[in-house]
Amino acid sequence: MLLWNCVHEILPVANTLSMYMESISRYCSRCSYIPETHLHLFRDCGDSSILWNFIFQRITVAKEVCLNSFFNLNWQQWMAYNLSLSRSWRMVFIVAVWHIWKARNRAVFELKMIKPFSVYNAFYVDYRENILMMQGKGAGNWLQKAPAWKPPAPGFLKLNIDGSWKEKDEAGGGGVFRSETGNWYIGFASKYNAITPLAAELYALREGLQMAVEYGVQKLEVETDAELLIKLLTSMEDYYHHELAPVIKDVACLMTRFSSFSITHLPRLFNKLAHCMGQYAISMALGHKVFLDPPPFTDVVYQTQLKQAKDSLKQMGESSSASQ
């Protein structure tokens with residue numbers, strides 16, 4: 001729908017709206033001194049231009065684009081030119097246009113200016129996800145969808161993590177380690193200075209892995225409800241330029257410290273215990289807390305999942321005895 005509106009030049013940009021409503025300024029909400037036309041919004045505005053330059057520097061398929069044509073055509077010619085190129089470039093172009101439109105709307109309606117590099121990072125994650133979908137590739141055998149929370153395999157600990165994010169200065173994360181019987185091993189909650197929700201999830205994962213290494217854990221199963229985080233970890237080599245690259249590298253290094261390690265996606269419905277820890281973390285003033293015992297705010301969720309775990313183990317034992 002967005003692309004159709006772009007091709008027909010009928011998006012509600014400021015320059016057009018100002019013709020019908022005197023209260024609306026015709027100028028760009030991001031650079032403030034040039035009328036916001038379609039061409040200015042998606043190509044010529046400073047923020048958009050920086051994003052396109054990031055793409056031309058970092059995306060291989062962008063080499064087929066003639067920069068002279070790209071930056072000098074009028075609107076209709078520009079749209080026709082980009083949509084006439086290869087399928088690979090059309091995917092880059094459409095995802096980039098979508099993220100420029102989202103960043104512009106946040107500036108207009110939420111008065112929040114998103115840095116071009118942050119827009120590029122969001123674009124790149126979506127772009128890679130679209131490639132995987134178009135190619136029909138999964139994330140590998142180690143990425144599985146668990147139907148509900150279950151205790152780890154014998155000899156393992158399981159770590160469930162979750163990040164919470166409202167704004168850059170209002171973010172946190174937490175996690176819970178549990179044994180093969182479903183019993184609480186240790187939990188943590190921390191306040192983070194995270195630029196995005198994905199950053200909060202990544203910080204929580206790094207902290208959980210650091211704790212596991214410090215406690216001498218050798219066999220670890222990790223679950224998160226952030227599917228995007230797992231997709232990022234399955235192709236870490238593609239994110240060397242990501243603004244979170246140092247944290248990604250830390251996580252990659254920590255993942256090698258275990259004799260056996262796996263990370264899986266768990267639907268949010270079954271990740272409630274970690275969610276409780278993450279929500280508590282975001283309410284903390286500062287710092288980091290470790291919980292050797294289940295805190296009161298997790299009691300209902302913890303006891304419910306513990307009972308389910310014990311029932312599951314009991315059924316498995318009965319099934320094993322019957323088969324024998």
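This is a short talk between a visitor and a guide about a predicted model.

Visitor: Why is Arg43 called buried?

Guide: Buried means under 20% relative accessible area. Arg43 has 4% relative accessibility, so Arg43 counts as buried.

Visitor: Arg43 forms a salt bridge with Asp44. Why is Asp44 called partly exposed?

Guide: Partly exposed lies between the cut-offs of 20% and 50%. Asp44 is at 39% relative accessibility, so Asp44 counts as partly exposed.

Visitor: What makes Asp44 and Arg43 a salt bridge?

Guide: Here the limit is 4 Å between a side-chain nitrogen of Lys or Arg and a carboxyl oxygen of Asp or Glu. The closest N and O atoms of Asp44 and Arg43 are 2.7 Å apart, and therefore the pair fits the definition. As a general idea, side chains of opposite charge can pair when their charged atoms come close.

Visitor: What makes Glu110 and Arg106 a salt bridge?

Guide: Their closest N and O atoms are 3.4 Å apart, and the limit is 4 Å, so this pair counts too. Glu110, with a relative accessible area of 43%, is partly exposed, and Arg106 is partly exposed at 28%.

Visitor: I see Arg106 again at the largest pocket. Which residues lie nearest the centre of that pocket?

Guide: Arg106, Ile114, Ser118, Ile195 and Thr196 do, out of 29 residues in the lining. Elements giving two or more residues to this lining are α7 (87-109), α8 (116-135), β1 (157-167) and α9. Helix α8 gives the most, with seven residues. The space in the largest pocket is about 950 Å³.

Visitor: How many residues of that lining are nonpolar, polar and charged?

Guide: The lining has 14 nonpolar, five polar and 10 charged residues. Arg counts as charged and Ile as nonpolar, so Arg106 belongs to the charged class and Ile114 to the nonpolar class.

Visitor: How do you know that Asp250 and Arg206 link distant parts of the chain?

Guide: Asp250 is in helix α11 and Arg206 is in helix α9, 44 residues apart. Their closest N and O atoms are 2.9 Å apart, within the 4 Å limit, so they form a salt bridge. Asp250 has a relative accessible area of 35% and Arg206 has 22%, and both values lie between 20% and 50%, so both residues are partly exposed.

Visitor: Which residues of α11 are buried?

Guide: They are Ala245, Val247, Ile248, Val251, Leu254 and Met255. These buried residues pack against α9 (197-214), α10 (227-234) and β5 (260-265).

Key:
Residues are numbered from 1 along each chain as its sequence is written. This is a predicted model: local features need pLDDT of at least 70, side-chain atom pairs count only at pLDDT 80 or more; totals for chains, interfaces and linings use all residues. Side-chain values use heavy atoms; hydrogens and water are left out. Buried means under 20% relative accessible area, exposed over 50%, partly exposed in between (1.4 Å probe, protein chains only). Helices (H or I, at least four residues) and strands (E, at least two) are DSSP runs, numbered from the N terminus. Contact means heavy atoms within 4.5 Å. On a 1 Å grid over the protein atoms alone, a cavity is a set of points where a 1.4 Å probe fits but cannot get out, and a pocket is an open set with protein on both sides within 12 Å along at least five of seven lines; lining residues have an atom within 4 Å of a point. Grid points are joined across faces, edges and corners, and a volume is the space filled by probe spheres set on the points.
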